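Trainee: Could we go through this model together? I'd like to ask about it piece by piece.

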Amino acid sequence: MAARKAPAPSFDQTMQDLEQIVQQLEQGELPLEEAIKQFEQGIALVHSGQQALAQAEQKVQILLDGQQLAPFTPEAGEE
């Protein structure tokens with residue numbers, strides 16, 4: 001039986017994990033090998049977050065392209 005790939009963490013979770021790594025690295029108390037390991041994990045999280053944002057942007061663009069938005073014209077007294 002093939003092992004299932006774990007679902008990707010949410011964007012919010014990715015950002016929280018990245019913030020935690022940044023805080024650890026900024027403290028400067030990690031041994032070099034652990035700091036490099038954390039940095040590598042941080043880079044992977046950045047790429048994951050960028051991919052999630054690109055997908056969200058694409059979804060929004062698809063939604064906007066499918067809609068015929070009428071130009072906004074304020075009615076009298078709403079300006």
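**A turn after the helix, and what the helix faces**

Mentor: Let's start just after α1, where Gly-28 takes a positive phi of about 70 degrees. Bear in mind that this is a predicted model, where local features need pLDDT of at least 70, side-chain atom pairs count only at pLDDT 80 or more, and totals for chains, interfaces and linings use all residues. Numbering runs from 1 along each chain as its sequence is written, and side-chain values use heavy atoms, with hydrogens and water left out.

Trainee: How many helices and strands are there in the chain?

Mentor: Helices (H or I, at least four residues) and strands (E, at least two) are DSSP runs, numbered from the N terminus. On that basis the count for the chain is 2 helices and 0 strands.

Trainee: What does α1 reach from its first C-alpha to its last?

Mentor: Helix α1 covers residues 11-27, so 17 residues, and the expected span is 1.5 Å times one less than the number of residues. That gives an expected 24 Å, and the helix comes close to it, reaching 25 Å.

Trainee: Which residues of α1 are buried?

Mentor: Buried means under 20% relative accessible area, exposed over 50%, and partly exposed in between, with a 1.4 Å probe and protein chains only. Seen down the axis of α1, its buried residues fall within an arc of 60 degrees (taken from the directions from the helix axis to the C-beta atoms), so they line one face. An α-helix has 3.6 residues a turn, so residues three or four places apart point the same way. The buried ones here are Thr-14, Leu-18 and Ile-21.

Trainee: What do the buried residues of α1 pack against?

Mentor: Take Thr-14, which counts as buried at 2% relative accessibility. Leaving aside residues up to four places away in sequence, Thr-14 touches Pro-9, Leu-45, Ser-48 and Gly-49, contact meaning heavy atoms within 4.5 Å. The buried residues of α1 pack against α2 (32-65).

Trainee: Is Asp-12 buried or exposed?

Mentor: Asp-12 lies in helix α1, on the other side from the buried residues, as do Glu-26 and Gln-27. Its C-alpha is 8.9 Å from that of Gly-49, with their positions 37 residues apart in sequence. At 55% relative accessibility, Asp-12 counts as exposed.

Trainee: How much of the chain counts as buried?

Mentor: The chain has 79 residues, and exposes about 7300 Å² by the Shrake-Rupley method. Carbon and sulfur atoms supply 55% of that area. The share of residues that count as buried is 10%.

Notes
Accessible areas come from the Shrake-Rupley method with a 1.4 Å probe; for residues, only the protein chains shown count as cover.
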